[in-house]
Each structure stands twice: as structure tokens, then as C-alpha cells.
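The following account leads the reader through one protein model, from its overall make-up to the packing of its helices and then to single residues. Please keep the sequence and the structure in view while reading.

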Amino acid sequence: MLSRLFAPKVKVSAHCDLPCGVYDPAQARIEAESVKAVQEKYQANDDPHFRARAVVIKEQRAELAKHHVSVLWSDYFKPPHFEKYPELHQLVNDALKALSAAKGSTDPATGQKALDLIAEIDKIFWETKKA
């Protein structure tokens with residue numbers, strides 16, 4: 001009797017942890033844009049104190065971008081997405097590796113590579129939102 005009393009009355013399902021709208025690759029893109037911008041500012045300034053601060057900020061932003069990409073991969077994208085977009089696992093891995101490279105580099109080309117990969121994730125993300 002108690003099991004019927006406490007049994008769920010309505011069965012619900014969702015493909016993400018919370019109602020959609022809480023995930024967005026824009027968060028990763030904004031942080032990656034900051035990484036590239038800091039890399040460019042680093043290259044344009046010879047002051048060692050400025051450069052030291054720039055490196056710290058760049059590394060923090062790259063780590064935040066990695067976090068946002070990882071959250072999309074682990075919390076938003078689900079098996080049906082990976083079935084429809086079999087390249088998604090590799091794309092996310094490549095983006096995370098590119099962000100790690102940008103974190104350890106002052107070359108804006110590394111920041112741009114990360115941005116390009118995040119743009120590919122963004123495209124797939126919005127295609128999944130249409131479905």
C-alpha cells in the first residue's frame with residue numbers, strides 16, 4: 001500500500017538536466033574570444049608586468065572555456081545527438097585540446113583554432129535545438 005502511495009503519479013523525461021535553455025556554447029565562445037584577445041594584447045605589449053598579468057588571465061579564461069565545452073559534452077549532448085553527429089566526440093575532444101594549447105601559448109593562432117572548433121560545436125548545438 002505504501003509503495004502505491006509514494007509511487008510517481010506522472011512520468012516525465014527530458015534530454016538534459018534542466019529544461020532546455022540553460023546550455024549555450026556562447027559561454028565557451030566568449031571565454032575563448034577573451035583568450036585570443038589577451039594573446040593579441042600580450043603580443044602588442046613588451047611590459048613584463050602586463051605580460052605576466054595577461055598570462056594569468058588567459059589561462060583562467062581558457063580553463064573556463066574548457067569547462068563550458070565539457071559541460072555541453074557531459075550534460076547537454078545525449079546519445080541521440082552522438083548518433084546523428086558521430087564526429088561530435090572527436091570535435092569536443094579537439095576543442096578541449098585546442099583550448100589547452102591556447103592556455104599554454106601566447107600565439108593568437110592557438111586561440112583562433114579553439115574558436116573555430118567551438119563554432120563547429122555551436123553549429124551542431126543549434127541544429128539539435130531545432131529538432
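Of the 131 residues in this protein, 33% are buried. The model is a predicted one. It contains 6 helices and 0 strands, and from the N terminus the order of elements is α-α-α-α-α-α. Among contacts between residues at least 6 apart in sequence, 75% join residues at least 24 apart.

Helix α2 may be taken as a starting point. It covers residues 26-43, and its 18 residues should span 26 Å at 1.5 Å a residue; the C-alpha atoms at its ends are 26 Å apart, in agreement with that expectation. Its buried residues are A26, A28, E31, A32, V35, K36, V38, Q39 and Y42. These buried positions pack against three helices, namely α3 (48-76), α5 and α6.

Helix α3 can be examined in the manner just used for α2. With 29 residues, α3 reaches 41 Å from its first C-alpha to its last, close to the 42 Å expected at 1.5 Å a residue. The buried residues of α3 are A54, K58, A62, A65, K66, H68, V69, L72 and Y76. They pack against α2, α4 (79-84), α5 and α6.

The packing of helix pairs can now be described in geometrical terms. Two packed helices are characterised by the angle between their axes and the distance between those axes. For α3 and α6, the axes come within 12 Å and cross at roughly 30°. Angles under 35 degrees count as roughly parallel, and α3 and α6 are therefore roughly parallel to each other. The crossing of α3 past α6 is left-handed. On the α3 side, V69, L72 and Y76 take part, meeting I118, I121, F125, T128 and K129 of α6. These three α3 residues are also among the buried residues of that helix.

How are α5 and α6 oriented to each other? Their axes come within 8 Å and cross at roughly 155°. Since angles over 145 degrees count as roughly antiparallel, α5 and α6 are assigned to that class. The crossing of α5 past α6 is left-handed. In α5, the residues that meet α6 are L88, L91, V92, D94, A95, A98, L99, A101 and A102. Their partners in α6 are T110, G111, K113, A114, L117, I118, E120, I121 and I124. I118 and I121 of α6 thus appear in this set of contacts as well as in the set with α3.

Between these two helices, the loop from α5 (88-103) to α6 (108-130) holds S105. Its relative accessible area is 17%; because buried means under 20%, S105 is classed as buried. A polar atom of the S105 side chain lies 2.9 Å from the backbone nitrogen of D107. Leaving aside neighbours within four places in sequence, S105 is in contact with Q39, K58 and T110. Of these partners, Q39 is one of the buried residues of α2, K58 is one of the buried residues of α3, and T110 is among the α6 residues that meet α5.

A last position to consider is N93, which is found in helix α5. Its relative accessibility is 34%, so N93 counts as partly exposed. N93 and S70 are 23 residues apart in sequence, while their C-alpha atoms are 9.1 Å apart in space.

Key: Residues numbered from 1 in each chain as written. Predicted model: local features only at pLDDT ≥ 70, side-chain atom pairs only at ≥ 80, totals over all residues. Heavy atoms only, no water. Helix = DSSP H or I, 4+ residues; strand = E, 2+ residues; numbered from the N terminus. Buried < 20%, exposed > 50% of the residue type's maximum accessible area, 1.4 Å probe, protein only. Polar contact = N/O pair within 3.5 Å; in protein donor to acceptor, adjacent residues only side chain to side chain. Contact = heavy atoms within 4.5 Å. Expected span 1.5 Å × (residues − 1). Axes fitted to C-alpha atoms, helices over the stretch in contact; angles between N-to-C directions. Parallel < 35°, antiparallel > 145°, perpendicular 65-115°, else oblique. Left-handed = near helix turned anticlockwise from the far one by under 90°.
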